[in-house]
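Thanks for making time, everyone. I'd like to walk you through a structure that is new to most of us, so here it comes on the screen.

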Amino acid sequence: MKYVIIGNSAAAIGCVSGIRTIDKNSSITLISDEPHFTYSRPLISYWLKGKVADDKMYYRNSDFYDKNKCTTLLGKKVEKIDLAAKKVIIDDGSTVEYDKLLVATGSSPFVPPVEGLSNARSVFTFLNWDSAKAVKEAVEKDSRVVIMGAGLIGLKAAEGLHEICEDITIVDLADRILPSILDKQGADFVQKHIGKEGIKFVLSDAASSVKGNTISLKSGQKLTYDVLLVAVGVRPNVGLIKDAGGNVNRGIVTDNKQATTLDGVYAAGDCTESFDICTGQNKILALLPNAYMQGEIAGINMAGGDKTFDTAMPMNAIGFFGLHMITAGAMEGECVDLADESNYKKMFFADGLFKGYILIGEISRAGIYTSLIREKTPMDEIDINLLKVSPQLLVFDKKARNQKLAGGK
Amino acid sequence: MRKIYVNEDRCLGCHLCEYYCAFAHSGKKDMVKAFSSESKPQPRLTIEEGDSINFAVSCRHCETPLCVKACITGAMQIDEEGRVFVDESRCVGCYTCILVCPYGSVIPGKEKAIKKCDLCIESGKPACAENCPNLAIVYEER
């Protein structure tokens with residue numbers, strides 16, 4: 001059996017581990033257009049900040065490829081999948097044959113169609129290590145930085161840059177920061193905290209044109225920049241599957257074994273769509289844990305195993321300037337507001353189930369909440385009043401509790 | 001693999017496990033000195049206390065640990081024996097492990113890295129079980 005994996009990040013590494021739970025010896029070839037040993041994408045903001053050194057960027061120990069008998073083709077871009085010949089064609093003209101193929105091509109930064117943006121100077125994105133290196137190279141202590149996008153990437157970039165320069169302005173079309181994970185009130189709570197660090201926000205506004213080093217916003221306001229960072233979103237890299245005739249919506253379509261509609265071809269990670277168990281909708285869940293778990297399931301099935309991935313849902317743990325937040329599930333249904341002065345907390349219930357939560361500040365043991373959502377535990381089986389106080393195993397009855405304490409699956 | 005198991009019917013709620021856990025990871029030889037130092041040592045377990053029921057919760061060292069799969073840096077790992085451990089030098093304190101652990105067993109650290117039960121790997125004798133006065137915590141193979 002010959003396995004080929006296009007990608008070298010969380011989904012790809014998950015796939016290697018998945019394959020090796022079943023098939024210890026067949027060849028695995030990892031192909032990535034990035035030249036690096038597998039590293040952690042989310043660490044680029046920590047690296048920018050100087051809190052993570054080069055040698056701590058790596059996602060696995062340095063013997064990972066050897067131990068797992070992987071051949072790597074790094075700095076090589078796959079241009080095409082030849083389904084009939086079961087091989088991938090690389091940009092240097094060479095080909096690699098496969099029996100089972102994983103496409104874990106991730107996503108690319110989306111650069112919005114703003115007049116003058118595409119040929120403006122000092123414009124950067126922030127998604128991989130090389131882009132972070134370019135930003136670090138460009139920024140000086142007195143740089144005026146404008147970040148387009150107040151999402152997870154834009155704000156993490158701001159945190160990293162804050163260590164280097166002082167003048168940072170974040171612009172977003174939405175009326176709040178972190179619109180993908182927080183409600184308005186929660187976003188205001190976090191914005192207040194980040195604002196204390198001197199970072200400025202321009203919300204409900206967007207760039208209409210860029211000329212020279214000036215950004216004109218739709219409101220008429222103008223911002224002058226030395227470094228402009230575009231972090232408005234990402235687009236899944238679906239081209240290889242699309243060109244080969246596979247099903248693609250916004251992301252690559254897979255079944256719950258991570259198989260695409262193409263024979264012998266699987267997909268995992270940020271390039272795919274996931275089935276969100278909280279809302280019952282297919283959506284892009286560009287989250288590292290999701291990518292790893294999809295990749296692992298893909299690997300198991302590629303190696304002849306039989307395992308499905310049925311627990312995808314939105315979930316995030318992130319912090320800015322010492323303020324931590326954990327969110328999971330859907331912000332739908334009956335909302336129970338449990339915020340106090342120093343901590344923010346909302347829980348959402350619907351149809352007798354715990355659907356989602358937002359915790360900002362106090363985040364201890366949040367995983368107990370996450371597991372109740374993931375497992376769709378009926379709320380009439382647990383002590384819901386205790387649940388609202390804090391995540392704890394005492395919410396379960398004695399039998400369920402003892403099973404949990406005895407177990408550890 | 002031997003793991004830590006708790007029996008809530010035997011737990012007195014005395015918190016000794018918590019203190020001995022913190023002491024065992026304090027790097028100090030003297031308990032009094034450990035707890036009078038400025039950086040109070042931190043336990044790697046949580047005690048839950050109800051009206052008439054108490055018990056300690058520590059890492060279950062899961063067979064397929066979600067924390068290891070979800071870890072964004074690769075700091076959380078599983079060793080050849082099946083023990084789940086954190087390489088603190090690679091943990092940035094993002095708390096994704098806290099987001100996914102179904103037992104609430106991963107604890108935010110006072111410093112950057114998270115804290116969790118390491119089964120007292122150095123001594124081989126988990127301090128919580130060694131010092132539980134009523135056999136509510138045991139370290140055994142099941």
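I'll start with where the two chains meet, then look at one residue in chain A, and finish with a helix and some cysteines in chain B.

One thing up front: this is a predicted model.

Okay, the interface. On the chain A side, 47 residues are in contact with 43 residues of chain B. People often describe the size of an interface by the accessible area that is lost when the parts come together. For chain A and chain B, the buried area is about 3500 Å², and carbon and sulfur atoms give 56% of that.

What about salt bridges between chain A and chain B, how many are there? The count is five. One to look for on the screen joins the side chains of A:K398 and B:E8, at 3.9 Å from N to O. There are also 17 residue pairs in polar contact between the chains, counting pairs with both residues at pLDDT 80 or more.

So which parts of chain A touch chain B? The elements giving two or more residues to that side are the helices α8 (288-302), α9 (366-374) and α11 (398-406), plus the strands β21 (315-320) and β22 (323-329). By class, that side of chain A has 23 nonpolar, 13 polar and 11 charged residues.

Let's stay with α8 of chain A for a moment, since A:N290 lies in that helix. Is A:N290 buried or exposed? It counts as buried, because its relative accessibility is 5%. Setting aside neighbours within four places in sequence, A:N290 is in contact with A:S274, A:L285, A:F309 and A:A312.

Now over to chain B and its helix α1, residues 16-24. The buried residues there are B:C17, B:E18, B:C21, B:A22 and B:F23. They pack against quite a list of chain B elements: α2 (31-36), β2 (46-49), β3 (54-57), α5 (127-130) and β6 (137-141).

You'll have spotted cysteines in that helix, so let's talk disulfides. A disulfide is a covalent bond between the sulfur atoms of two cysteines. Over all chains, the count here is zero. Why is B:C91 not in one? Its closest cysteine sulfur is in B:C97, 6.1 Å away, and that is too far for a bond. B:C94 is in no disulfide either, with the sulfur of B:C97 again the nearest, at 6.3 Å. B:C91 is buried, at 8% relative accessible area, and B:C94 also counts as buried, at 12% relative accessibility.

That's my tour; happy to rotate the view if anyone wants another look.

How values were computed. Residues numbered from 1 in each chain as written. Chains lettered and ligands numbered in written order. Predicted model: local features only at pLDDT ≥ 70, side-chain atom pairs only at ≥ 80, totals over all residues. Heavy atoms only, no water. Buried < 20%, exposed > 50% of the residue type's maximum accessible area, 1.4 Å probe, protein only. Helix = DSSP H or I, 4+ residues; strand = E, 2+ residues; numbered from the N terminus. Contact = heavy atoms within 4.5 Å. Disulfide = S-S within 2.5 Å. Buried area = accessible area lost by both parts, 1.4 Å probe. Salt bridge = Lys/Arg side-chain N within 4 Å of Asp/Glu carboxyl O. Polar contact = N/O pair within 3.5 Å; in protein donor to acceptor, adjacent residues only side chain to side chain. Nonpolar A, V, L, I, M, F, W, Y, C, P; charged D, E, K, R; others polar.
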